[in-house]
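Work through the exercises below with the structure open. Each one is followed by a solution in steps.

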Amino acid sequence: TPEFTDEILRILDDEDVKATFFLIGREIERNPYEARKIVEAGHEIGNHSFSHTRMVFVTPNFVRSEVGRTDELIKQVGYDKPTHFRPPYGKKLFILPYYLSQSNKTTITWDIEPETYQEVAKSTDAIRSHVTDAVKPGSIILLHVMYDRRRTSMNAVKPIVADLKGRGYRFVAHVSTVTGLDD
């Protein structure tokens, strides 16, 4: 979103961190300039469907459209690398996994999502603590920083990065790369 793209890109640049942004197709359609900024900053882009509809009990044509339309938009903003797919709400049954396997597209989920817990999501310090307490080598941290209602998540990014770097972790944009302690 235009309100938050520059802020998160600045934070990540200041911290010398690359991230993976799973983008919703309709948001790319509404904000192509913002998506281009993410690409130009060298971050990985992933497909998060076109409409952010739960991908359960859907038709093959629906899945093909949701994934295909978003892949096309991702290419239009200049991202030319393979994209992974993160299912909306982490939900996937039957048709989606089959389609993704036939398309050689990897499904990416996460193991840390502090915003799931209402008492955690309302506090930057609680988000920071939740993440730093739960992280382990190879963790994928899911934060929604592109919306005003997630201000606490945006504010937590810099302290999370500092805490984890201080513990020897490194950050990688390519989600299939192994992460963890450097030893």
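The exercises cover model confidence, helix packing and single residues in a predicted model.

**Exercise 1. Confidence**

Task: State what pLDDT the chain averages, and where the pLDDT is below 50.

Solution.
- Step 1. The average pLDDT of the chain is 92, and 95% of the residues score at least 70.
- Step 2. The pLDDT is below 50 over residues 176–183.
- Step 3. Apart from near neighbours in sequence, that stretch has 17 contacts in the model.

**Exercise 2. Helices α7 and α8**

Task: Classify the packing of α7 against α8 as roughly parallel, roughly antiparallel, roughly perpendicular or oblique, then describe the contact.

Solution.
- Step 1. Two packed helices are described by the angle between their axes and the distance between the axes.
- Step 2. Helix α7 covers residues 124–134 and helix α8 covers residues 151–166. Their axes come within 8 Å and cross at roughly 40°.
- Step 3. Angles under 35 degrees count as roughly parallel, and 65 to 115 as roughly perpendicular. The crossing angle of roughly 40° therefore makes α7 oblique to α8.
- Step 4. The handedness of the crossing of α7 and α8 is right-handed.
- Step 5. On the α7 side the contact is made by Thr124, Ile127, Arg128, Val131 and Thr132. On the α8 side it is made by Thr152, Ser153, Asn155, Ala156, Pro159, Ile160, Asp163 and Leu164.
- Step 6. By class, the residues of the α7 and α8 contact are 6 nonpolar, 5 polar and 2 charged.

**Exercise 3. Helices α1 and α8**

Task: Find the angle at which the axes of α1 and α8 cross, and say whether the crossing is left-handed or right-handed.

Solution.
- Step 1. The axes of α1 and α8 come within 9 Å and cross at roughly 15°.
- Step 2. Angles under 35 degrees count as roughly parallel, so α1 is roughly parallel to α8.
- Step 3. The crossing of α1 and α8 is left-handed.
- Step 4. Helix α1 contributes Glu7, Ile8, Ile11, Leu12 and Asp14 to the contact, and α8 contributes Arg151, Met154, Val157 and Lys158.
- Step 5. The contact of α1 with α8 holds 5 nonpolar, no polar and 4 charged residues.

**Exercise 4. Helices α1 and α3**

Task: Repeat the analysis for α1 and α3.

Solution.
- Step 1. Helix α3 consists of residues 32–40; its axis and that of α1 come within 10 Å and cross at roughly 5°.
- Step 2. With the same cut-off of 35 degrees, α1 is roughly parallel to α3.
- Step 3. The residues that meet are Thr5, Asp6 and Leu9 in α1 and Glu34, Lys37 and Ile38 in α3.
- Step 4. Sorted by class, the contact of α1 with α3 has 2 nonpolar, 1 polar and 3 charged residues.

**Exercise 5. Positive phi outside glycine**

Task: Asp16 and Ser49 each have a positive phi. Place each in the chain and decide whether it is buried or exposed.

Solution.
- Step 1. Asp16 is not a glycine, yet its phi is about 55°. Asp16 is in the loop between α1 (5–14) and β1 (20–23).
- Step 2. The relative accessible area of Asp16 is 69%. Exposed means over 50%, so Asp16 is exposed.
- Step 3. Ser49, also not a glycine, has a phi of about 80°. The loop that holds Ser49 runs between β2 (44–47) and α4 (60–76).
- Step 4. The relative accessible area of Ser49 is 0%. Buried means under 20%, so Ser49 is buried.

**Exercise 6. Two residues of α4**

Task: Describe the surroundings of Val67 and Phe62.

Solution.
- Step 1. Val67 is in helix α4 and is buried, with a relative accessible area of 1%.
- Step 2. Setting aside residues up to four places away in sequence, Val67 touches Asn47, Phe85, Leu96, Tyr99, Leu100 and Lys105. From Val67 to Tyr99 the C-alpha distance is 9.4 Å, with their positions 32 residues apart in sequence.
- Step 3. Phe62 is in helix α4 and is partly exposed, at 26% relative accessibility.
- Step 4. Beyond neighbours within four places in sequence, Phe62 is in contact with Ser51, Thr53 and Met55.

Methods: Residues numbered from 1 in each chain as written. Predicted model: local features only at pLDDT ≥ 70, side-chain atom pairs only at ≥ 80, totals over all residues. Heavy atoms only, no water. Axes fitted to C-alpha atoms, helices over the stretch in contact; angles between N-to-C directions. Helix = DSSP H or I, 4+ residues; strand = E, 2+ residues; numbered from the N terminus. Parallel < 35°, antiparallel > 145°, perpendicular 65-115°, else oblique. Left-handed = near helix turned anticlockwise from the far one by under 90°. Contact = heavy atoms within 4.5 Å. Nonpolar A, V, L, I, M, F, W, Y, C, P; charged D, E, K, R; others polar. pLDDT = per-residue confidence, 0-100. Buried < 20%, exposed > 50% of the residue type's maximum accessible area, 1.4 Å probe, protein only.
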